[in-house]
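Q: I am new to this structure. Can you show me how to read it, step by step?

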Amino acid sequence: MSEEERDRARRMRWWHEAKFGMFVHFGLYSLIGRHEWVMEMEGIPVAEYEKLADKFNPRPYAARQWARLAKRAGMKYIVMTTKHHEGFCLFNSELTDYCAPKRACGRDLVAEFVEAARAEGLRVGLYYSLMDWHHPDGAKCAWDEDARRRFVSYIHGQIRELMTNYGKIDILWYDVPWPLDVKGWESEKLNRMVRELQPDIIVNNRSGLPGDFSTPEQEVCPPEIPGRAWETCMTMNDSWGYHKADDNWKTPKQILRYLITCVRDGGNYLLNIGPAPDGSVPEESVRILNVVGDWMDKYGYTIYGAEPCDVKSSCFASFTRKGNILYVHVYFWPGEEWAIGGLRTKVRSAELLPDGEPVNFEQNEFRVRFKGLPSEAPDSPISVLKLECESVPKQDMLFIRKNMPRVY
């Protein structure tokens, strides 16, 4: 392992253990309540849109609710949009007046966020969009070299402010490198500065460089590179920012299934909330995350620190693993008797969680069959079995297809 690889492993150890985080999209678009891309999607002129800055005044320390909710849901870190594509900064910047402390809000919302996260023992992440619809050089930097130099200086300067003014930052989450490439953004120089200011930080891949982890969006999609760290970010409905009409909410069961699948495949899960203009969290988001939190209170230990799992195939369950322990997360309870096919590792014991009640089972080369289970799901929204295996559990479904005896 190289020195760079050892350093990355050191910096990312807590992140691999954490597995579950909260994303927060908050900005002027929250006032409109029609999606965070509303400025571009509806073609709102800059001069018209920027007037929202004189109305945007969320209640003081709204971030404390976000942080408490994240902790309640079993999340271990929280990432906030410091500047989304609209260009409005929620932090105090010496490089622009288009920022919360210098407009109606009169307060540094990033400072409030960082304080709130730390108070709940959460790791702190700052999101920053490279794309900027407000800055006069934000588009023409693609063909005007003088504009590129001005805009890149502005972007680098704001990242320096974020990395300097708020103490220790655990994650820098870039977004949308339009319209420049890695060379145009001077991304290597930018990340070098970030690491000099924050030696323990981890950085994502959206500056055009690989960074420390990949960021599939709205789908569980591990990178093709073996061992590459990754994190799926996902909305709770269809919108990242507050949308007063978007009622397409995921259920707690769906969210837990996404979390379990990410963890099974070696990734993290970053789940978003879109606070209302006053900073309050929509009631449905709170309700859903409270149910998720109840489940995590019981079964979080099957998630935190789990390792990639080779057992993947089932019609009613998904799996996580810690060493030789296989956790069977049953989301469609099949009844008193059922089986896991293709498990090629000997099972020593089986228990029904959370109480550890022993489960009767029999095993042959094709399946592990469980008997005497409850006829109805013993827990909601997902029930869990714990299997102790004699070695790291392996599944081979092709073995069944090739070798299962046929009747002629």
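A: Start with the sheet. This is a predicted model. Seven strands form an open sheet, ordered E5-E4-E3-E2-E1-E7-E6, with parallel pairing.

Q: Which strands stand at the edges?
A: Strands pair through backbone hydrogen bonds, parallel or antiparallel. Here strand E5 (202-203) and strand E6 (231-234) are at the edges. Each has a single partner strand, so one side of each lacks a neighbour in the sheet.

Q: How many bridges join strand E1 and strand E7?
A: Five bridges, in the parallel sense, join E1 (residues 20-24) to E7 (residues 268-273). Take Phe20: its bridge partner in E7 is Tyr269.

Q: Which strands does helix H9 touch?
A: Helix H9 (residues 187-197) packs on the sheet and touches E4 (171-175) and E5. The directions of H9 and E4 make an angle of about 160°. Helix H10 (residues 252-264) also packs on the sheet, touching E1, E6 and E7. Its direction is at about 150° to that of E7.

Q: Now the charged side chains. What is the count of salt bridges?
A: The count is 36. One of them joins Arg10 and Asp7, with the closest N and O atoms 2.9 Å apart. The two residues are three apart in helix H1 (residues 3-18), about one helical turn.

Q: What does the salt bridge between Asp200 and Arg10 tie together?
A: The N to O distance in this pair is 2.7 Å. Asp200 lies in the loop between H9 and E5, and Arg10 in helix H1, so the pair ties together parts 190 residues apart in sequence. Arg10 is partly exposed, at 38% relative accessibility. Asp200 is partly exposed too, at 32%. Both belong to a network of salt bridges that includes Glu4, Arg8 and Arg195.

Notes:
Residues are numbered from 1 along each chain as its sequence is written. This is a predicted model: local features need pLDDT of at least 70, side-chain atom pairs count only at pLDDT 80 or more; totals for chains, interfaces and linings use all residues. Side-chain values use heavy atoms; hydrogens and water are left out. Two strands pair if DSSP finds at least two bridges between them. Helices (H or I, at least four residues) and strands (E, at least two) are DSSP runs, numbered from the N terminus. Contact means heavy atoms within 4.5 Å. Axes are lines fitted to C-alpha atoms, for helices over the stretch in contact, and angles run from 0 to 180 degrees between N-to-C directions. A salt bridge is a side-chain nitrogen of Lys or Arg within 4 Å of a carboxyl oxygen of Asp or Glu. Buried means under 20% relative accessible area, exposed over 50%, partly exposed in between (1.4 Å probe, protein chains only).
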